[in-house]
Amino acid sequence: MKIHAFGIGTLFLTLVHPLSSQAPRLPGIADPPSDSLRSVHQPIETIDVHVHEVNLVLSVTDHNGKPVNNLQPSDLTIFDNGVEQKNLTFFKRETDLPIKVALVLDTSASMAQQRDAENAAIGSFLKRVSLPLDSVMLFAFNQNVQLRSPVTNNWGITAKLVKSLKPGGETALYDAVSDASHWLALDHGPARRIMILVSDGEENKSRTTMDATISEALNAEAAIYSVNVSAESISEDAKRGAAILKHLAEATGGAYLEPENNTIAVAFDKIWRELRSQYALAYKLSNPGVRTFHRLQVLVANRRRVRCRSGYYVN
């Protein structure tokens, strides 16, 4: 059995049978040893042995919100379903793994006033982070969800498509996030799976729910960076929208951002900086338990703040 560790954003521990060419889909869970490798003279045992490895991506900041670049494993305390995990098997600051981005843009009528500012900020961001192995899919949504660009490393094409979007209609935000999660989960290869959700948080037309949407994102190992571009913040609708965007980001280990000084570019700059200062780690799970959702909590010393996904599913 081979363990391959890959870096930034998401660490993939691919546990592969010696005779298999494909890794299992579920992160951190190994298949039992292959009976085909047993000697024909040996009896077939009836006990399955599983190796449980859990991978995490951490974003760590100091008390001023600046990225921490000198984190050590001893600075961290990891709880998995309330049980402290001490068998760390991998730890590294990663900066070079390809980025797989689902850019999810709200084009409903409530977003009409924000479109020009968004176009400039998004185009600049895409150009800044573009590397040959990176890929992006543009999702545009109102009451419907549309794929508006293919997977490509030519981010200029996507930037032009962003400019062509016209606002109108109602808002199926949960459906859009779920569809984007499905796309991010399609490729099992090593990559940072990032979703950038640009919206005011209004939700009035989805078929799915908040809980189901978060489950889809967690299964895809997608970190949601939600950028709230609401023009105001005091109405009940605006407060409800902000709460939705915050919850999606916090549950998946992403970040909730609001424009500063009336410019969305600052929010995209923060996303870019965070993607270049994350940590990847893995640990051998001491309490596998039954097939269930495992809730995660990571504590860090010295007044620093850590963000990661809220949990994962063992199937």
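Let's start with one residue, L103. This is a predicted model. Leaving aside neighbours within four places in sequence, L103 is in contact with I122, L126, V136 and M137. L138, F139, V162 and I196 are on that list of contacts too.

Now step back to the core around this residue. L103 belongs to the largest nonpolar core, which has 30 residues. Three residues have the most contacts inside this core: L103, I196 and V227.

Which helices and strands each supply at least two residues of this core? On the strand side, they are β7 (99-106), β8 (135-141), β10 (192-199), β11 (223-228) and β12 (255-257). On the helix side, they are α1 (115-129), α2 (155-164) and α6 (265-275). Helix α1 gives the largest share, 5 residues.

There is also a second core, separate from that one. This second core has 26 residues. Among them are V177, A180, A217 and L218.

Next, a pair of helices. Helix α3 covers residues 173-186, and helix α5 covers residues 236-252. How do they pack? Their angle is about 20 degrees, and their axes are 12 Å apart. Angles under 35 degrees count as roughly parallel, so α3 is roughly parallel to α5. The crossing of α3 and α5 is right-handed.

Which residues make the contact? From α3, they are L173, Y174 and V177. From α5, they are I244, L245 and L248. By class, this contact of α3 with α5 has 6 nonpolar residues, no polar ones and no charged ones. One name here should sound familiar: V177 of α3 is in this contact, and V177 is also part of the second core.

Technical notes: Residues are numbered from 1 along each chain as its sequence is written. This is a predicted model: local features need pLDDT of at least 70, side-chain atom pairs count only at pLDDT 80 or more; totals for chains, interfaces and linings use all residues. Side-chain values use heavy atoms; hydrogens and water are left out. A nonpolar core is a set of buried Ala, Val, Leu, Ile, Met, Phe, Trp, Tyr and Cys residues joined through side-chain atoms within 4.5 Å. Buried means under 20% relative accessible area, exposed over 50%, partly exposed in between (1.4 Å probe, protein chains only). Helices (H or I, at least four residues) and strands (E, at least two) are DSSP runs, numbered from the N terminus. Contact means heavy atoms within 4.5 Å. Axes are lines fitted to C-alpha atoms, for helices over the stretch in contact, and angles run from 0 to 180 degrees between N-to-C directions. Angles under 35 degrees count as roughly parallel, over 145 as roughly antiparallel, 65 to 115 as roughly perpendicular and the rest as oblique. A crossing is left-handed if the near helix is turned anticlockwise from the far one by less than a right angle, and right-handed if clockwise. Ala, Val, Leu, Ile, Met, Phe, Trp, Tyr, Cys and Pro count as nonpolar, Asp, Glu, Lys and Arg as charged, and the others, Gly among them, as polar.
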